[in-house]
Amino acid sequence: MGLYGRLVQKTRQWIHSRHMLWGVTLASFLESTIVPVPLEALLVPLMQARRDKIWAIALVATLGCMLGALFGYALGYYLFDVLGDWLIDLFSTPEQFANVKAQMHSQGFWFVLTLGIVPIPFQIAMLAAGATHYSLWLFFLATAIARSLRYFGLALVVHLAGNQAEKVIRKHKMKGIAALSALVLGTWWLVSSLSTSGVN
(Lines give C-alpha, C1' and ligand atoms only; values in the text may rest on other atoms or scores of the structure.)
Protein backbone atom coordinates (compact mmCIF):
# COMPACT_ATOMS: atom_id res chain seq x y z
CA MET A 1 0.00 0.00 0.00
CA GLY A 2 1.38 3.41 -0.99
CA LEU A 3 1.60 6.52 1.15
CA TYR A 4 -1.72 7.86 -0.12
CA GLY A 5 -3.46 4.56 0.63
CA ARG A 6 -2.07 4.51 4.16
CA LEU A 7 -3.25 8.06 4.78
CA VAL A 8 -6.75 7.25 3.52
CA GLN A 9 -6.85 4.19 5.80
CA LYS A 10 -5.67 6.27 8.74
CA THR A 11 -8.36 8.86 8.00
CA ARG A 12 -11.05 6.19 8.28
CA GLN A 13 -9.63 5.21 11.67
CA TRP A 14 -9.75 8.85 12.82
CA ILE A 15 -13.46 9.27 12.12
CA HIS A 16 -14.60 8.19 15.58
CA SER A 17 -11.32 8.70 17.42
CA ARG A 18 -11.03 11.22 20.24
CA HIS A 19 -7.70 12.19 18.70
CA MET A 20 -9.29 12.98 15.34
CA LEU A 21 -8.62 16.73 15.43
CA TRP A 22 -4.99 16.20 16.44
CA GLY A 23 -4.64 13.75 13.57
CA VAL A 24 -6.00 16.30 11.09
CA THR A 25 -3.59 18.93 12.44
CA LEU A 26 -0.65 16.57 11.95
CA ALA A 27 -1.78 15.56 8.45
CA SER A 28 -2.13 19.21 7.47
CA PHE A 29 1.33 20.01 8.83
CA LEU A 30 2.87 17.12 6.89
CA GLU A 31 0.98 17.98 3.70
CA SER A 32 2.29 21.54 3.79
CA THR A 33 5.88 20.47 4.40
CA ILE A 34 6.98 17.04 3.14
CA VAL A 35 4.04 14.84 2.06
CA PRO A 36 2.83 15.63 -1.50
CA VAL A 37 -0.75 14.45 -0.96
CA PRO A 38 -3.81 16.69 -1.57
CA LEU A 39 -5.34 17.08 1.88
CA GLU A 40 -8.79 17.59 0.36
CA ALA A 41 -8.94 13.89 -0.52
CA LEU A 42 -8.70 13.10 3.19
CA LEU A 43 -10.70 16.00 4.63
CA VAL A 44 -13.87 15.75 2.55
CA PRO A 45 -14.77 12.16 3.60
CA LEU A 46 -13.88 13.04 7.18
CA MET A 47 -16.07 16.15 7.13
CA GLN A 48 -18.93 14.16 5.62
CA ALA A 49 -18.69 11.53 8.35
CA ARG A 50 -18.28 14.05 11.20
CA ARG A 51 -20.52 16.96 10.29
CA ASP A 52 -20.77 17.81 13.97
CA LYS A 53 -17.07 18.72 13.80
CA ILE A 54 -16.96 20.16 10.30
CA TRP A 55 -15.85 23.68 11.25
CA ALA A 56 -13.41 22.40 13.86
CA ILE A 57 -11.83 20.16 11.20
CA ALA A 58 -11.44 23.15 8.87
CA LEU A 59 -9.90 25.17 11.71
CA VAL A 60 -7.30 22.60 12.75
CA ALA A 61 -6.44 21.89 9.10
CA THR A 62 -5.76 25.60 8.67
CA LEU A 63 -3.71 25.75 11.87
CA GLY A 64 -1.66 22.68 10.88
CA CYS A 65 -0.85 24.20 7.52
CA MET A 66 0.14 27.51 9.14
CA LEU A 67 2.51 25.66 11.48
CA GLY A 68 3.95 23.90 8.45
CA ALA A 69 4.36 27.24 6.71
CA LEU A 70 6.30 28.62 9.67
CA PHE A 71 8.53 25.53 9.59
CA GLY A 72 9.20 26.01 5.87
CA TYR A 73 9.87 29.71 6.39
CA ALA A 74 12.39 28.88 9.12
CA LEU A 75 14.15 26.41 6.82
CA GLY A 76 14.50 29.09 4.18
CA TYR A 77 15.53 31.75 6.67
CA TYR A 78 18.12 29.83 8.69
CA LEU A 79 19.25 26.90 6.55
CA PHE A 80 18.91 27.96 2.94
CA ASP A 81 22.65 28.53 2.54
CA VAL A 82 23.26 24.95 3.70
CA LEU A 83 20.27 23.07 2.26
CA GLY A 84 19.16 25.43 -0.51
CA ASP A 85 20.20 23.39 -3.55
CA TRP A 86 18.71 20.19 -2.11
CA LEU A 87 15.43 21.92 -1.18
CA ILE A 88 15.12 23.52 -4.62
CA ASP A 89 15.64 20.15 -6.32
CA LEU A 90 13.06 18.61 -3.98
CA PHE A 91 10.26 21.12 -4.54
CA SER A 92 10.95 22.96 -7.81
CA THR A 93 13.63 23.88 -10.34
CA PRO A 94 16.34 26.58 -10.07
CA GLU A 95 14.57 28.67 -12.73
CA GLN A 96 11.19 28.39 -11.01
CA PHE A 97 12.67 29.24 -7.64
CA ALA A 98 14.52 32.27 -9.05
CA ASN A 99 11.21 33.55 -10.44
CA VAL A 100 9.49 32.99 -7.09
CA LYS A 101 12.25 34.92 -5.27
CA ALA A 102 11.85 37.83 -7.69
CA GLN A 103 8.10 37.86 -7.07
CA MET A 104 8.68 37.75 -3.30
CA HIS A 105 10.80 40.89 -3.53
CA SER A 106 8.24 42.83 -5.58
CA GLN A 107 4.79 41.57 -4.45
CA GLY A 108 5.39 39.11 -1.61
CA PHE A 109 2.04 39.29 0.20
CA TRP A 110 -0.13 38.87 -2.90
CA PHE A 111 2.18 36.26 -4.37
CA VAL A 112 2.00 34.10 -1.23
CA LEU A 113 -1.77 34.56 -1.08
CA THR A 114 -2.14 33.43 -4.70
CA LEU A 115 0.16 30.41 -4.30
CA GLY A 116 -1.81 29.39 -1.22
CA ILE A 117 -4.95 29.04 -3.36
CA VAL A 118 -3.77 27.61 -6.68
CA PRO A 119 -2.68 23.94 -6.97
CA ILE A 120 1.07 24.69 -6.92
CA PRO A 121 3.42 23.29 -4.23
CA PHE A 122 3.26 25.87 -1.44
CA GLN A 123 6.69 24.79 -0.19
CA ILE A 124 8.21 27.00 -2.88
CA ALA A 125 6.64 30.12 -1.40
CA MET A 126 7.63 29.15 2.15
CA LEU A 127 11.28 28.63 1.26
CA ALA A 128 11.47 31.76 -0.89
CA ALA A 129 9.86 33.90 1.84
CA GLY A 130 12.41 32.69 4.38
CA ALA A 131 15.40 32.85 2.00
CA THR A 132 14.59 36.46 1.06
CA HIS A 133 13.86 37.38 4.69
CA TYR A 134 10.40 38.55 3.69
CA SER A 135 8.26 39.91 6.54
CA LEU A 136 7.22 36.97 8.71
CA TRP A 137 3.97 38.66 9.75
CA LEU A 138 2.89 39.44 6.18
CA PHE A 139 3.82 35.91 5.13
CA PHE A 140 1.86 34.46 8.05
CA LEU A 141 -1.18 36.67 7.30
CA ALA A 142 -1.21 35.75 3.61
CA THR A 143 -0.89 32.05 4.48
CA ALA A 144 -3.71 32.28 7.03
CA ILE A 145 -6.07 33.94 4.53
CA ALA A 146 -5.24 31.54 1.69
CA ARG A 147 -5.54 28.37 3.75
CA SER A 148 -8.70 29.57 5.49
CA LEU A 149 -10.29 30.11 2.08
CA ARG A 150 -9.19 26.63 1.07
CA TYR A 151 -10.30 24.61 4.09
CA PHE A 152 -13.34 26.59 5.23
CA GLY A 153 -14.42 26.62 1.59
CA LEU A 154 -14.31 22.82 1.64
CA ALA A 155 -16.30 22.78 4.87
CA LEU A 156 -18.93 25.07 3.34
CA VAL A 157 -19.30 22.79 0.31
CA VAL A 158 -19.72 19.74 2.55
CA HIS A 159 -22.18 21.66 4.76
CA LEU A 160 -24.31 22.60 1.74
CA ALA A 161 -23.89 19.53 -0.48
CA GLY A 162 -23.65 16.77 2.13
CA ASN A 163 -22.88 13.38 0.64
CA GLN A 164 -22.70 14.92 -2.84
CA ALA A 165 -19.76 17.12 -1.80
CA GLU A 166 -17.05 14.98 -3.39
CA LYS A 167 -18.92 14.94 -6.69
CA VAL A 168 -19.48 18.70 -6.56
CA ILE A 169 -15.82 19.36 -5.74
CA ARG A 170 -14.55 17.12 -8.54
CA LYS A 171 -16.85 18.83 -11.03
CA HIS A 172 -16.26 22.43 -9.99
CA LYS A 173 -12.83 22.42 -8.32
CA MET A 174 -10.94 24.14 -11.12
CA LYS A 175 -13.73 26.70 -11.60
CA GLY A 176 -13.61 27.51 -7.90
CA ILE A 177 -9.82 27.86 -7.92
CA ALA A 178 -10.03 30.06 -11.02
CA ALA A 179 -12.67 32.27 -9.40
CA LEU A 180 -10.71 32.68 -6.17
CA SER A 181 -7.49 33.33 -8.08
CA ALA A 182 -9.26 35.95 -10.22
CA LEU A 183 -10.59 37.61 -7.05
CA VAL A 184 -7.12 37.71 -5.47
CA LEU A 185 -5.44 38.92 -8.66
CA GLY A 186 -8.13 41.56 -9.15
CA THR A 187 -7.68 42.80 -5.60
CA TRP A 188 -3.90 42.74 -6.08
CA TRP A 189 -4.24 44.88 -9.23
CA LEU A 190 -6.65 47.29 -7.54
CA VAL A 191 -4.43 47.78 -4.49
CA SER A 192 -1.35 48.21 -6.70
CA SER A 193 -3.17 50.76 -8.85
CA LEU A 194 -4.34 52.73 -5.81
CA SER A 195 -0.82 52.66 -4.33
CA THR A 196 0.67 53.91 -7.59
CA SER A 197 -1.95 56.67 -7.82
CA GLY A 198 -1.18 57.66 -4.24
CA VAL A 199 2.52 57.92 -4.99
CA ASN A 200 1.85 60.03 -8.08
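Select Tyr-73 and Tyr-77 in helix 4 (residues 54-91): being four residues apart, they are separated by about one helical turn. Helices here are DSSP runs of H or I, at least four residues, numbered from the N terminus. This is a predicted model, where local features need pLDDT of at least 70 and side-chain atom pairs count only at pLDDT 80 or more, while totals for chains, interfaces and linings use all residues. Residues are numbered from 1 along each chain as its sequence is written, and side-chain values use heavy atoms, without hydrogens or water.

Stay on the two rings. A search of the whole structure gives five aromatic pairs (Phe, Tyr or six-membered Trp rings with centres within 6.5 Å). Tyr-73 and Tyr-77 form a stacked one (planes under 30 degrees apart), at 6.0 Å centre to centre and 25° between the planes. Tyr-73 is buried (under 20% relative accessible area), at 7%. Tyr-77 is partly exposed (from 20% to 50%, 1.4 Å probe, protein chains only), at 33%.

Add Tyr-78 and Phe-139. Ring pairs link them with Tyr-73 and Tyr-77 into a cluster.

Keep Phe-139 and add Met-104 and Phe-122. Of the 25 residues in the largest nonpolar core (buried Ala, Val, Leu, Ile, Met, Phe, Trp, Tyr and Cys joined through side-chain atoms within 4.5 Å), these three touch the most other members. Helix 4, helix 5 (94-115), helix 6 (123-131) and helix 7 (136-161) each give two or more residues to this core. Helix 5 gives the most, nine.

Now centre on Phe-122. Its contacts (heavy atoms within 4.5 Å) beyond four places in sequence include Ala-69, Val-112, Phe-139 and Arg-147.

Last stop: select Leu-43, Leu-46, Ile-57 and Val-158, which are among the 21 residues of a second, separate core.

Technical notes: Rings of Phe, Tyr and Trp (its six-membered ring) pair if their centres lie within 6.5 Å; planes under 30 degrees apart count as stacked, over 60 as edge-to-face and the rest as tilted.
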